[in-house]
Every structure is written in C-alpha cells, then in structure tokens.
Amino acid sequence: MSTTTADTAGTGTAERAPLPWRTLWDNVVQAALSLVLALVVGGALLLVSGRDPIAAYRSLYYGAFGTTDRFTETLVKATPLLLVAVSVSICFRAQVWNIGAEGQMILGAIFSTWVALHVKGLPPLLHLVLAFLAGALGGLLWSLIAGVLKAYLQANEVITTSMLNYIAVYLLAYLVRGPMMDPQGFNFPQSPLIPEELELPRLIARTRLNVAFLVALAAVLLALVFWRSTWGRRTEIVGASRRVAAHVGLNVPRTILLATALSGALTGIAGWGEIFGLHFRLIEEITRGFGTLGIVVALLGGLNPIGMTIAAFFFAALVVGGNAMERNANVPFALVDVIQGCVILLVLSRAYLFKRSSS
Amino acid sequence: MNWDLITVSFVVGVLASAVRWAAPILYAALGEVFTERAGILNLGLEGIMLMGALSGFIGAYNSGSLWIGLLLAALVGMAMGLLMAFVSVTARANQVVAGLGITILGGGLSTLLFRLFFGLRTRPPTIKTFKVHSLPLLGDLPIVGEVLFEHNVMVYLVFILVGVAWVVLYRTRFGLALRAVGERPEAADTRGLNVTALRYISLMIGGAMAGLGGAYLPLADLGIFWTQMTAGRGFIAVAVVVFSRWDPVRALWGALVFGGAAALQTALQTLRAPIDSELLLMLPYIVTIIVLVGISRRAEFPGAFAVPYSRGEK
C-alpha cells in the first residue's frame, strides 16, 4: 500500500490504543454485549432452522464447564488462542494487519518438530529449549516475509499473509506425506512421534493441561511489559501515525519489522506448544483454525493483554463446548464460526451501536 | 516428466482452462474495482464468495434452475455487501478488520447453512452445471476458438461485464460520481453528491459480483458445494484489483495471469512433472505474492482509499 493509505487505513481503531481503566471497563461492557448479541444471532439461526437453541447452548455450556476434565480442556484450548492473540495484538497496534497466524503456527510446528526428530545427543531439557527456539524462529521467518514486503515494498500484508497461510498448509501437507512422513505410520500423513522425554509435563495428572499453558500466561506478562518499554511505545507511535513517527525520527520500516518478528515468534511458539504439549507429532490439522480464532480473541479483548486473556478463555470455552454441542445436540460446529464473525462485526460497530447506552 | 504429452491441443487445453480459472476471480475483482474506486477496501470478498457459492447451489438445487441460483447468489452477495457497508461506512470501522469479520462470518455461515439444509450425507448433493456452448463462427476459429469461445455462459457473461464495467465507470455520471467520492469525498459532498449512498451502492455492486463469482464454482464448474471451496480466490481477487490499478480491462489481464498460474499447476500435474502435487498447488498463491510485490510500489490508490468519511469532522 502507498504510505498515505498505510497512515490512515486504521483510523477506526487507532483512537483506542492506550487503555486507562475507565475505557477498559467500557470495552468490557461493550465486548460482553457484542458476545451476547452474537449468541442471540446464532440462536436465531438455529431456531429458524428448527433446532432448539436453548438445548444447543446448554450442551455447549456443559461441554465447556461441566466437569473438571472439560474445564481443563478449555484451558488447553485457551493456550494457543492466548499466544496468537498476544502476537496479533502487537502487529495490529502497529497497524500491521497480519492475518498470517495460521501459517506462522504451522511453520513453528514444522521447525520445532524437525529439531525434535533430527537433532541427536542433547540432554532433554536443552533439546526441548532448542525445539522451542526453533518453533519461534519458524514463525518469525514466515511472518518476516510479509513484514519485509510490507515495510520496504508496500505490499498489502493482508493479501501476502493470507497467501502465505495457503502456502504453509500445502508445505505441511507435502512434508507429512514426503520428507517428514513416519516410515512406520502405514502411510498416514503424519511425522514420527517426538522422543518421549521431550513431551511437556502435565500440570494436572490425567488431563491434557500442560506447561504450554504457563508459557501462554508468560506471553501475556511479556505483552504487559512490552507496552511499557521503549519498543512498545515506538510501536504504538508507528501505529498511531506513520507520518508522525517518521517526523519524530523513528525508523518506521524497522519498527514494523520488529513488531512482525516478535509477533511471528509468539505464533510459532503456539505451534510448538500444540506439538510438544498435545499431539507429539506433526499432523495436518495442527492449527485447527486457532490462528484465525486468535485474531478474533485479540479484537474482542480490545488488543489489551488482560482483555485478551478473558476473551481467550471465553472462546476456548466456545470451542470446547461447540465440539460437545456437535456431538450431543447435533448442531454443527460451524455455529461457533458464525458467532466469531458476528463478534468481530459487532465489536467493530460497537462505537456506533452502543454509544448512547454505555456512555 | 512426460514431454510427449505436450502437443498443440494440450497447450490449447491449458489456455482454455486458464480462462475458466480466471472467470470466478474476475467476477469478484470487477465488483471490487467499483468498491475501491468509491474509496472502500472490501477484504470480505472471500466470505461473500462463499455465501454466493452456497446460495447459488441451494437456489439451483431447490428450483432446478441455475439462473435462479445465480439470482439468489447475487442477492445474498448484495446483502453481505450491505452488511460490510453498515460496518465500514455507517459505523466507520476499520475496513481491514471488518473485511476479516465478513470473511469469517461468510465461511462459518455457509458451512452452517449447508449442514442445516442438507445434513450429513455419505454422498454430497449435486446439481447439473451450465453447459459448454461453442459460439457460432467464433468457436470454429483454430486455437483462438477453443481457448476463448468454447465455454459456459458464465464465462461469456463475465467478458461482457468487463465492457459494461468500463463504460459505467468512465462514461456515465454514476461512474464519475463514484470516482469523485473515492478521490475527494469532501469535494464530492460539497457538490451535492451523497457520499454515504454512493459508497453503499458500490459495496452492494461489489457484493453482488463476488456472490456471482462464488456461485461460478458450484454452478458452472463443479456441481457440488464444499466448505471453504473458494480457497483464497476472494483474496486473490483483491490482489487482482491492485494489479489492475482499478481498471476493469486490466483486471481481465490480471485474472488471466492468476488463471494461468492455476492452469499451469494442473498441467504440470498431468505431465507428471517431478514436483509433488502439494508443492504445485502453492503456485497460484506464490504468483499472487510476486505480482502484488511487483505492482505495489507503482500503484496509486484512490485518494480517500480505506478512509471512513464523516461530514464536518475535518
């Protein structure tokens, strides 16, 4: 995009970048209203098509919170959502519309699995750390492709990152059928299992909740620190106005690159967490749409670390509950996607929709 | 690699297939030219195309008429455009994120409605697609005839629409008004043009066209619907519009470049090129990025591109 458009493209969200507590409260109220409205829209759709929305939502609720087991599963799903949301928020606050989290997660998963399978002779802890770094590097490199094209060649990052998502999907499909396929896997498209000693420890026995969840929480803390650091403030200024940023002597392309790199690394770590915490091998469905859902979480959370934590939890519940709903109430999981889309549009229109009621 | 297969008729077949690949992208891109000329970036094309594919399929399946399917696809696409207009023009939200919302909504809603309509089936419901008609005289031309004039009616329709779009954009008062609103909304407003109304209309045109482009896949090509069947064509259409520098005729060339990349990929698979099919499938997406990079520095976006307009706030 030309520099003038890059400057002004985000006027819709730029005004709410720094968040004192009062506006945060407004945001929480508006976000909650948006979520409720989205659930109503989804319910109306079910009603029109002759399903029972109350039964669907009840099954969704019990699916997400019914037992300790279900609840830990919600935290398991919140892990990648939180990492992706924090990652996305860094780019979005810099007005870089990186929607490439799916692809970056995939590359993180590929790099870290490769290190787990092919690097030999390291003590387990060191090996795990190396795989972690490789995951971050994979996501970082993938996001930097779009970052460089954006910063120096003005290529619209929405298009480049969405194209890179498709490319990553095919790359993964190729690898698990070719160079990285499990030779003893009966031709299933998947890699061999990673060594057992590299599996992330469980936080609660007999659940899938693992150390990756703590890594996600650490990312939230990192974000809180980041926005108070010089880097964070520079990123925010570049996001507010490219022209002002250049005027006060900031290196705009370099700031964009830094934001993109940090963001890609965090998303790559999300891919690492899914492999080493849950699946223990590379499979095609490694992202399960969490890259895109993480963006919704970031927006609903107002790009604020605390807000995003709450939103990640809610959407994780929606995913876990949505799966249960599909099984028990025979309501397609796509309902959750519809709710996601509605949430984005409602959150975006909230200034217009809720202005009179909440201020 | 099996070089013996490369004959004249094979090459002609690849070129004809490039035209067929280009058609759905071109529908969406032509509409987006109008939308962006009015100063709005609609990145929701992908979701609108999916809704068009679904409603086109349902319309044709239930009525038995492909034309009713097309009509429904255009109307549903228009409604999605209207939604985008409300969020981006009336609520003045960030257009990039709004487009993403439309894309996610369209993807989810099309999947959900398909399941609610048809349930889970072992064999997917199918429809008969538009037949291929060889145009009289033109279709008999050697090579050119087969590449350009042996297609289904939706391909011919989109060629005609390229001309229509050009005339509307450059030779009518409406086109002039639209361009004025995209370049300098304040000035257009002062001269009595209704900026809001024109932007709404531009998004409804764009939505209807994207709906038709999406409907191309089940109605003119595949005869079935599946989740996310557009596979990024909406985003590619946006790239085509940047490539076209907001001109309908150049959009035709742009769509053919991407159609060519896609057709080349299938051709290489047929030729048993020593490259895995998964890697070949990346080709159209890689070409999109390369072309976008090549064009972006020189592209001059409409003056008020992606900027929400409000009277008296300057």
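Val153(B) touches Phe130(B) and His133(B), when residues up to four places away in sequence are not counted. In this predicted model, Val153(B) belongs to helix α6 of chain B, which covers residues 153-171. Because 16 other C-beta atoms lie within 10 Å of Val153(B), this residue is partly exposed, a class that lies between exposed, at 12 or fewer such atoms, and buried, at 20 or more. Measures along the sequence and through space can be set side by side here, for Val153(B) and Ala188(B) are 35 residues apart in sequence and 38 Å apart in space, taken from C-alpha to C-alpha.

**The two chains**

The table sets out the two chains, and the text after it takes up their compactness and contacts.

| Chain | Helices and strands | Box or span along principal axes | Buried residues |
|---|---|---|---|
| A | 16 helices, zero strands | about 60 × 55 × 30 Å | 57% of 359 residues |
| B | 13 helices, two strands | roughly 70 × 45 × 40 Å | 55% of 314 residues |

Chain B, with its 13 helices and two strands, has a radius of gyration of 20 Å, close to the 20 Å that the globule rule gives for 314 residues, so chain B is as compact as a globular protein of that length. For chain A, a compact globule of 359 residues would have a radius of gyration near 21 Å, and the 21 Å of chain A agrees with this. Among contacts in chain A between residues at least 6 apart in sequence, 78% join residues at least 24 apart, and for chain B the corresponding share is 79%.

**Where the chains meet**

How many residues of chain B are in contact with chain A? There are 46 of them, and they are in contact with 48 residues of chain A. On the side of chain B that touches chain A, two or more residues each come from α3 (66-90), α4 (95-118), α10 (233-244), α12 (277-280) and α13 (283-296) of chain B. Of these elements, α4(B) gives the most, with 14 residues. Sorted by class, this side of chain B has 31 nonpolar, nine polar and six charged residues.

**A helix pair in chain A**

Within chain A, the axes of helix α6 (residues 101-118) and helix α7 (residues 124-153) come within 7 Å and cross at roughly 145°, and the crossing in which α6(A) passes α7(A) is right-handed. Residues that make the contact include Gly103(A), Leu107(A), Gly108(A) and Phe111(A) on α6(A), and Ala131(A), Gly135(A), Gly138(A) and Trp142(A) on α7(A). By class, the contact of α6(A) with α7(A) has 14 nonpolar, eight polar and no charged residues.

**The nonpolar core**

In soluble globular proteins, nonpolar side chains tend to be buried together. In this model the largest nonpolar core has 235 residues, and those that touch the most other members are Leu81(A), Val297(A), Phe315(A), Leu26(B), Ala29(B) and Val240(B). Helix α9 of chain B, residues 195-222, supplies the largest share of this core, with 16 residues. Which residues are in contact with Val240(B), leaving aside its neighbours within four places in sequence? They are Ile25(B), Ala29(B), Ala251(B), Gly254(B), Ala255(B) and Phe258(B), and one of them, Ala29(B), is itself listed among the core residues that touch the most other members.

Notes. Residues numbered from 1 in each chain as written. Chains lettered and ligands numbered in written order. Predicted model: local features only at pLDDT ≥ 70, side-chain atom pairs only at ≥ 80, totals over all residues. Axes fitted to C-alpha atoms, helices over the stretch in contact; angles between N-to-C directions. Helix = DSSP H or I, 4+ residues; strand = E, 2+ residues; numbered from the N terminus. Left-handed = near helix turned anticlockwise from the far one by under 90°. Contact = placed C-beta atoms within 7 Å. Nonpolar A, V, L, I, M, F, W, Y, C, P; charged D, E, K, R; others polar. Rg over C-alpha atoms; globule rule 2.2 N^0.38 Å. Core = buried A, V, L, I, M, F, W, Y, C linked by C-beta atoms within 7 Å.
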